[in-house]
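Let's take a walk through this protein together, moving from one residue outward to the sheets, the core and a small group of rings. Keep the 3D view open as you read.

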Amino acid sequence: MKAVPATTQVQVDGQFRLQRNGVALQWNTADEAALEAALQIKGSGAVTVDFTSSDYTEITTRSGNITINEACEKLAVTTDSGDVYCSYLAFVTAGNFTSQSGDVEIYMPDFSGVTLEFETACGSAETDLFGEAAKEPVYHSVTLERPAKLSHYLYVTTYSGRLKLYTLT
């Protein structure tokens, strides 16, 4: 995706290159629409997203890892046989992560509150967010809370994968 000036008043240099200095930028709407369409494809293969900026992002793949760097908004992430990695840049309201046979690894800012609902058939969870409540690995299903004024609601489901939920360092 390319950042373009957020104005119709643009200037070009002597070689007809767009001058971006001192001008507010936005994502190219055509690029954003193409990315959104690409993310709706439910095929196989790895998916990497460097930054989410829409109010809601849904990513689904049948087989392949999903990597999301700098997540900022609501997410719904599903893979049948791949791992999921997500690093939240800031507070968001909700995230829904599903992996049938892969691991789900989530990193969150330390100031975030969290309500975690985790379900698994034969996987496990490990986290540093809940103190004594999560010292032992969690199997099957659990709801854990770390209250704060701003809280994430995370719904994580795996069949045989492991959940790793940690604070950003």
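Is Thr-115 buried or exposed? The model you are looking at is a predicted one, and in it Thr-115 has a relative accessibility of 12%. The cut-off for burial is under 20%, so Thr-115 counts as buried.

What surrounds this residue? Thr-115 sits in strand S10, which covers residues 113-120. Setting aside its neighbours within four places in sequence, Thr-115 is in contact with Thr-143, Leu-144 and Glu-145, and also with His-152, Tyr-153 and Leu-154. Strand S12 spans 141-146, and strand S13 spans 151-158, so you can look for these contacts in both places.

Let's step back for a moment to the chain as a whole. The secondary structure amounts to 14 strands and one helix. The protein chain has 169 residues, of which 37% count as buried. Its accessible surface comes to about 9500 Å², and carbon and sulfur atoms account for 50% of that. If you take the contacts between residues at least 6 apart in sequence, 41% of them join residues at least 24 apart.

Now back to S13, a good place to see how strands are paired here. S10 and S13 run parallel and are joined by eight bridges. Within this pairing, Phe-118 stands opposite Val-156 in S13. S13 also pairs with strand S8, residues 94-99, through six bridges, and these two strands run parallel as well. In general, strands of a sheet pair through backbone hydrogen bonds, in either a parallel or an antiparallel way.

Thr-98 is a handy marker on the S8 side. This residue lies in S8, and its bridge partner in S13 is Thr-157. Thr-98 has a relative accessible area of 18%, so this threonine is buried. Not counting residues up to four places away in sequence, Thr-98 touches Thr-157 along with Val-77, Thr-78 and Thr-79. Strand S6 runs over residues 74-79.

Just before S13 there is a loop worth a glance. Ala-148 lies in the loop between S12 and S13, and at 35% relative accessibility it counts as partly exposed. Ala-148 and Val-114 are 34 residues apart in sequence, but their C-alpha atoms are 7.7 Å apart in space.

Next, turn to a sheet of six strands. Following it across, you will meet S3, S5, S7, S9, S14 and S11 in the order S3-S5-S7-S9-S14-S11, and this open sheet has parallel pairing. Which strands stand at the edges? They are S3 and S11 (124-127); each has a single partner strand, so one side of each is left without a neighbour in the sheet. Direction ignored, neighbouring strands of this sheet are turned by 5° against each other on average. Inside the sheet, S7 and S9 run parallel and are joined by four bridges, with Ser-87 standing opposite Tyr-107 in S9.

That tyrosine leads us to the aromatic residues. How many aromatic pairs does a search of the whole structure find? The search finds two. In one of them, the ring centres of Tyr-85 and Tyr-107 are 5.7 Å apart and the planes are at 45°, so the pair is tilted. Tyr-85 belongs to S7 (residues 84-88) and Tyr-107 to S9 (residues 104-108), so this pair ties together parts that are 22 residues apart in sequence. Tyr-85 counts as partly exposed, with 27% relative accessibility. In the other pair, the rings of Tyr-107 and Tyr-166 have centres 5.9 Å apart and planes at 35°, so this pair is tilted too. Because Tyr-107 lies in S9 and Tyr-166 in S14 (residues 162-167), the parts tied together here are 59 residues apart in sequence. Tyr-85, Tyr-107 and Tyr-166 form one aromatic cluster.

Finally, look at the interior. The largest nonpolar core has 26 residues, and those with the most contacts inside it include Tyr-88, Phe-97, Ile-106 and Leu-165. Among the strands that each supply at least two residues of this core are S7, S9, S10, S13 and S14. Leu-165 makes a good last stop: leaving out residues up to four places away in sequence, it touches Ile-106, Met-108, Val-114, Leu-116 and Leu-154, among others.

Notes. Residues are numbered from 1 along each chain as its sequence is written. This is a predicted model: local features need pLDDT of at least 70, side-chain atom pairs count only at pLDDT 80 or more; totals for chains, interfaces and linings use all residues. Side-chain values use heavy atoms; hydrogens and water are left out. Rings of Phe, Tyr and Trp (its six-membered ring) pair if their centres lie within 6.5 Å; planes under 30 degrees apart count as stacked, over 60 as edge-to-face and the rest as tilted. Buried means under 20% relative accessible area, exposed over 50%, partly exposed in between (1.4 Å probe, protein chains only). A nonpolar core is a set of buried Ala, Val, Leu, Ile, Met, Phe, Trp, Tyr and Cys residues joined through side-chain atoms within 4.5 Å. Contact means heavy atoms within 4.5 Å. Accessible areas come from the Shrake-Rupley method with a 1.4 Å probe; for residues, only the protein chains shown count as cover. Two strands pair if DSSP finds at least two bridges between them. Axes are lines fitted to C-alpha atoms, for helices over the stretch in contact, and angles run from 0 to 180 degrees between N-to-C directions.
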